[in-house]
Protein chains: 2
Amino acid sequence: MPLPQTEVPGRLQAELMSRGLRMTRQRRTILSVVETAKQHLDAGQLLRRARKIDPHVDRVTVYRTLSLLKRHGLIDELDLMHMQGEKHYYERRPQRDHIHMACLRCGKIAEFESDLFDRLKGQIQRDCQFHIVVSRLEVGGYCAECRAQRA
Amino acid sequence: MPLPQTEVPGRLQAELMSRGLRMTRQRRTILSVVETAKQHLDAGQLLRRARKIDPHVDRVTVYRTLSLLKRHGLIDELDLMHMQGEKHYYERRPQRDHIHMACLRCGKIAEFESDLFDRLKGQIQRDCQFHIVVSRLEVGGYCAECRAQRA
DNA sequence: GCTATACTTGCAACGCAGTTTCAACTGGTT
DNA sequence: AACCAGTTGAAACTGCGTTGCAAGTATAGC
């Protein structure tokens, strides 16, 4: 089955270049890993994948590139309820914010979009006169499968 | 002005004792700091305040007590959008969940309760068959004062 | 109240994610 | 081709949080 490929690979690269930032070999490598990731990766996983492409990438460069992307609002940083230590996880910023649900038993992360979430953010902006730049809603609990197994 | 004192001091202590946990001098000290805190404290601030009461409290004991309270669902752990490094902040779990708004300019943390938030959590539980134990909604952006000053 | 013991504490050493420093390097421009 | 501001890599460092273990103590049973 050919993938629909709705997202053009290289979107992050194009975005950074259009902002006048230098496109180095290392950045291209790291960005391609972030672009093609199918799940939430932490800095260490990102480093390992980048090194498969270019073994000379240093972990410092990974951290610096992640903070660059974060500063430019191109990726979101997640904690996923700190289920595995103090790591942070990263994902390309989506068109529409979503909620992360972390199962405390099996560790699975599910995502959920909701009009109510969008309306809630609208309410915050209006009622609190607060201009939202970034938002993060994470819930911890038990997923359907784990609840079924427990019974 | 006499404070209304709606919260009985010792609620956490009572809660832990009712669950059959030992009430040591150190725990009493740390719990009293958590109970009387008027703002979100990190582990280091908590330690310093506890030491003003009892100089022998160790930082390890603070961490262990915090994780105990967290395991029992009596406090919530916050990241406050990682505005000051990787610290975690703690607050007594409130009757009703609230949203934390962190101003990226002045660093102020505001709280906000909302029916929409409660309804959103209800929707997640229903639509995703996910049993929520703990939830955390944090938004980063610019507060009314900072937006006014910028103009 | 006294004793037994399982739980708790303190200290030191450790682990680990993330940051800083600075000399060497390089992408993009002239 | 040369320039240079921005970028990289290596090592050392920071700082939050954890672990191992010997010593201490809160509670239960007598």
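## Two protein chains and DNA strand C

In this predicted model, 32 residues of chain B are in contact with 32 residues of chain A. On the side of chain B that touches chain A, two or more residues come from each of strand E4 (99-103), strand E5 (109-112), helix H5 (115-128), strand E6 (131-142) and helix H6 (144-150) of chain B. Of these elements, E6(B) gives the most to that side, with 12 residues. By class, the residues on the side of chain B that touches chain A comprise 19 nonpolar, 7 polar and 6 charged.

Strand E6 also pairs across the two chains. Strand E6 (residues 131-142) of chain A and E6(B) run antiparallel to each other and are joined over 11 bridges. Within E6(B), Tyr142(B) is the residue opposite His131(A).

The arrangement of the two copies can be described by a rotation. A turn of 180 degrees, with a shift of 0.0 Å along the axis, lays chain B on chain A with an RMSD of 0.0 Å. The two copies are therefore related as by a two-fold rotation axis. In chain B, Leu137(B) has the C-alpha nearest the axis, at 2.1 Å from it. Both copies use the same surface, as 100% of the contact residues of chain B recur in chain A.

Chain A also holds an open sheet of 3 strands, in the order E1-E3-E2, with antiparallel pairing. Strand E1 (41-42) and strand E2 (75-78) of chain A are at the edges with a single partner strand each, so one side of each has no neighbour in the sheet. E1(A) is paired with strand E3 (residues 89-92) of chain A in the antiparallel sense, over 2 bridges. Here Leu41(A) has Tyr90(A) of E3(A) opposite to it.

The DNA is considered next. DNA strand C is surrounded by 26 residues, and the closest are Ala43(A), His88(A), Thr24(B), Asp58(B) and Thr61(B). At least two residues of the surface near DNA strand C are supplied by each of helix H3 (43-53) and helix H4 (59-71) of chain A, and by each of helix H2 (25-36) and helix H4 (59-71) of chain B. This surface has 7 nonpolar, 9 polar and 10 charged residues.

The table sets out the residue classes of the two surfaces.

| Surface | Nonpolar | Polar | Charged |
|---|---|---|---|
| Side of chain B that touches chain A | 19 nonpolar residues | 7 polar residues | 6 charged residues |
| Surface near DNA strand C | 7 nonpolar residues | 9 polar residues | 10 charged residues |

Definitions and conventions:
Residues numbered from 1 in each chain as written. Chains lettered and ligands numbered in written order. Predicted model: local features only at pLDDT ≥ 70, side-chain atom pairs only at ≥ 80, totals over all residues. Least-squares fit on C-alpha atoms with pLDDT ≥ 70 in both. Contact = placed C-beta atoms within 7 Å. Pairing = 2+ DSSP bridges. Helix = DSSP H or I, 4+ residues; strand = E, 2+ residues; numbered from the N terminus. Near = placed C-beta within 6 Å. Nonpolar A, V, L, I, M, F, W, Y, C, P; charged D, E, K, R; others polar.
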